Amino acid sequence: MTFSALAWTAALALPVVFAQGRESDRSKSPKIAPRMQPDSHNTTHWPTRPLPWGEINFIHTTDTHGWLEGHENEVNYGADWGDFISFVTHMRDKADQQNVDLLVVDTGDIVTGNGLSDVTEPNGQVSNKLFRKMDYDLLTIGNNDLYHAEVTDEIREDIAEYYGDRYLTSNVDVEIDGKNVSLGQRSRYLTTKHGLRIMAFGFTLQDFKAPATVHVQGYEDIVEEEWFKDAISQPVDLYLLIGHADIGQGCKIKPQYQGDQNPLICMKDWFRENKPEIPLQILGGHSHVRNFTCYDSGSSGLESGRYSDTVGWLALSDVAPSNTWNGSKTITDVPIPTKTCTPHSSALSSRTEKTVRLDRRYLDFNRQTFAYHALGATGPEVPSSFDTPFGLSVTDDIKGDRDGMNLTEELGCAPQSYYIASSPYNCPDNIYTLVRSALNETVHGNNSDSARLIIFNTYGIRYDLYQGPFTVGDAFTVSSYADIFYYIADVPYDDVTKQLQKKLNEYKGTDPDYEEPKEDCGSNSVRFSTSRYASASQQSVLNSRASDSDNLNPGHVTKDDFGDCSASSEDCGDDTLHIPRLENEPHPYYMQVKGNINENETKTVDVVFTSDIQKKIIEFLGLTDKDPVVKPYMDESFTTRDFLQVYAKTVWSEKPTCEIGP
């Protein structure tokens, strides 16, 4: 196992004496939890209503992206993977007590976005083995698991082979020894404990730049395969389509890369056309949202957030004929699903013979939520009976791995939170304002006084940066990709060069003019409950929440086909109420940073960029591949993962205590 180069930060390492003294100061904080990771925090709010239980129930995760240690500087999502394992263990026991079925499902993207997965080369060498400690019933693969052949090999060996016939890749082939083979199993036919017959498939989106060794099939090919024809010939009570794809998208799309469809939704449409009498359930992913979609009275889709911030819950009843279902006919002492999906199409409605009763919930990923639903605990503390021995051991394993890979080293104290889309671009608490300062401070060649124009892909920033201790692991979380900085020296600083950012953004279809803030930022520009986007009725609800004596935390506030949590608590899918932090502020695809440039005097500049935009830089500067000499701007061990680390050590002064924000 090899680790990513951190030579630049090593030169700025904190003195050992300081690192030792910091623990005693931090121990005064009342927010440290007895379990989970020691640098995580308990939430201040417990759920207040039990989950609905159906004849068959699902626990769903997606897009975990290596976030197995929890969100250290956020109170809503502080649980780690060991806590989640304990939760699932208790919920399976509850399902047995209720005499109903429970399946636990993940729908892909288990790498890219967290130091625990990304600090190793290839990504996932450590995190995969931690992830698989969760005893999933069904899983599928995501696009981030497929970008690099060596990462996909790790997924195949550590995950697909480990889970065996539970790991489904119905439309994904990889080249092995010159042959295209399915990475996992094509399908799985299972009968639950209580007699429900399920045929499950796993479908991954096509809309990504897959390497030449990865082949993602469309639905037209799948339905003609002999294995598929054999699968659908089995007697079935429920078709289960798990997939790494957007559940709210249509079948036909216009992707940038291969294919012209969302295979998960195309397959759903095929089943509803050809097997309308059999209920169908989708568990999706990829778009990083909480969402529930009704397709018709016998089919629906659930998507369950991102980065281990959400556990999706789905309860279904009236799925199987009474002669095959041998579980509880009447569930007592807990709510039961009473909702039904209104058909989106009258034509489909006429072909659908069965109506399923169902309900969904989005659970915040924290110990209080888990203990409430697992044990009925209501606080103030999580009871020790919640933790299972295996869950505790996984928590310890995560802590040991984080320490061993130096992910817990504190680089500084972030003085405030910085947001990708909750604050307008160019405002002080927008993360790209911070990125601009950090790039200007840290990205310069041998001559720090040279004039430079740095072009940066904003989509390389993958997560907000929260107030509080900023660690090596946090740097990987915020800026996940290890891109080297290259440059073309002594480019004339003329109208062509000055229009470079604008041309790049026009090429990507984003607003080309982002030089100045478009509104007054004010002292706090983050969009919480007082919002220019809220309707009058929504604003009334939001105002009442903001003034609530409980002082709700900012967080996810979800609108789906069963209800709008911002307008009413009735039929709200969010398990815990929050003041909404709106996430709809736009930003450019590319930003630029001017270093030592005087608009009236500078004649030439170094144009600095990462390799992913090299071709377009050359094109828009009016050069050819033969003209420029492209060289690394700095030592190649310094990448886009490192600039925030260096900035934190040099700019964010250390404090005796470092508290997280609201």
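**Stop 1: strand β20 and its partners**

Select Val491 and look across to β26: the bridge partner there is Val605. This is a predicted model, so read every distance and angle on the tour as computed from predicted coordinates. Now widen the selection to residues 485-492, which form β20, and residues 604-610, which form β26. Six bridges join these two strands, and they run antiparallel.

β20 has another neighbour to show. Add residues 630-632, strand β27. Three bridges tie β27 to β20, again in antiparallel fashion. To find the register, pick Ile488: in β27 its bridge partner is Val630.

**Stop 2: the whole protein**

Zoom out. The protein carries 19 helices and 27 strands. Of its 662 residues, 60% are buried. Turn on a surface: about 25,800 Å² is exposed, and carbon and sulfur atoms supply 47% of that area. Take the contacts between residues at least 6 apart in sequence: 79% of them join residues at least 24 apart.

**Stop 3: a five-stranded sheet**

Next, display the open sheet with the order β5-β3-β2-β15-β16. It has five strands, and the pairing is mixed. Find the edges: β5 (138-139) and β16 (357-364) each pair on one side only.

Move inward to β2, residues 56-61, and β3, residues 101-106. They run parallel, joined by six bridges. For a landmark, select Asn57, which stands opposite Leu102 in β3.

**Stop 4: helix α11**

What packs on the sheet here? Select residues 367-375, helix α11. The helix touches β15 (310-317) and β16, and its direction makes about 140° with that of β16.

Colour α11 by burial. Eight of its nine residues are buried. They are Arg367, Gln368, Thr369, Phe370, Ala371, Tyr372, His373 and Ala374. The cover over these buried residues includes α3, β15 and β16.

Check both ends of the helix. At the N-terminal end, Asn366 acts as the cap: one of its side-chain oxygens lies 3.2 Å from the backbone nitrogen of Gln368. Just after the helix comes Gly376, with a positive phi of about 80°.

**Stop 5: Thr310**

Select Thr310, which sits in strand β15. Is Thr310 buried or exposed? Thr310 counts as buried because its relative accessibility is 3%, and the cut-off for buried is under 20%.

Show polar contacts from the Thr310 side chain. One goes to the side chain of Arg290, at 2.9 Å. Another goes to the side chain of Asp309, at 2.7 Å.

Now show the surroundings. Leaving out residues up to four places away in sequence, Thr310 touches His60, Arg290, Ser304, Gly305, Tyr362, Leu363, Phe365 and His556.

**Stop 6: the nonpolar cores**

Finish inside. The largest nonpolar core has 120 residues. Which residues have the most contacts inside it? Select Trp81, Phe84, Phe87 and Phe201. Then add helix α3, residues 81-98, which gives the most to this core, with seven residues.

Another core lies apart from it, with 27 residues. Among them are Leu103, Val105, Cys294 and Leu358. Strand β3 spans residues 101-106, and β16 spans 357-364, so keep the sheet of Stop 3 on display while you select this second core.

Key. Residues numbered from 1 in each chain as written. Predicted model: local features only at pLDDT ≥ 70, side-chain atom pairs only at ≥ 80, totals over all residues. Heavy atoms only, no water. Pairing = 2+ DSSP bridges. Helix = DSSP H or I, 4+ residues; strand = E, 2+ residues; numbered from the N terminus. Contact = heavy atoms within 4.5 Å. Axes fitted to C-alpha atoms, helices over the stretch in contact; angles between N-to-C directions. Core = buried A, V, L, I, M, F, W, Y, C linked by side-chain atoms within 4.5 Å. Buried < 20%, exposed > 50% of the residue type's maximum accessible area, 1.4 Å probe, protein only. Areas by Shrake-Rupley, 256 points an atom, 1.4 Å probe, with all protein chains shown as cover. Polar contact = N/O pair within 3.5 Å; in protein donor to acceptor, adjacent residues only side chain to side chain.
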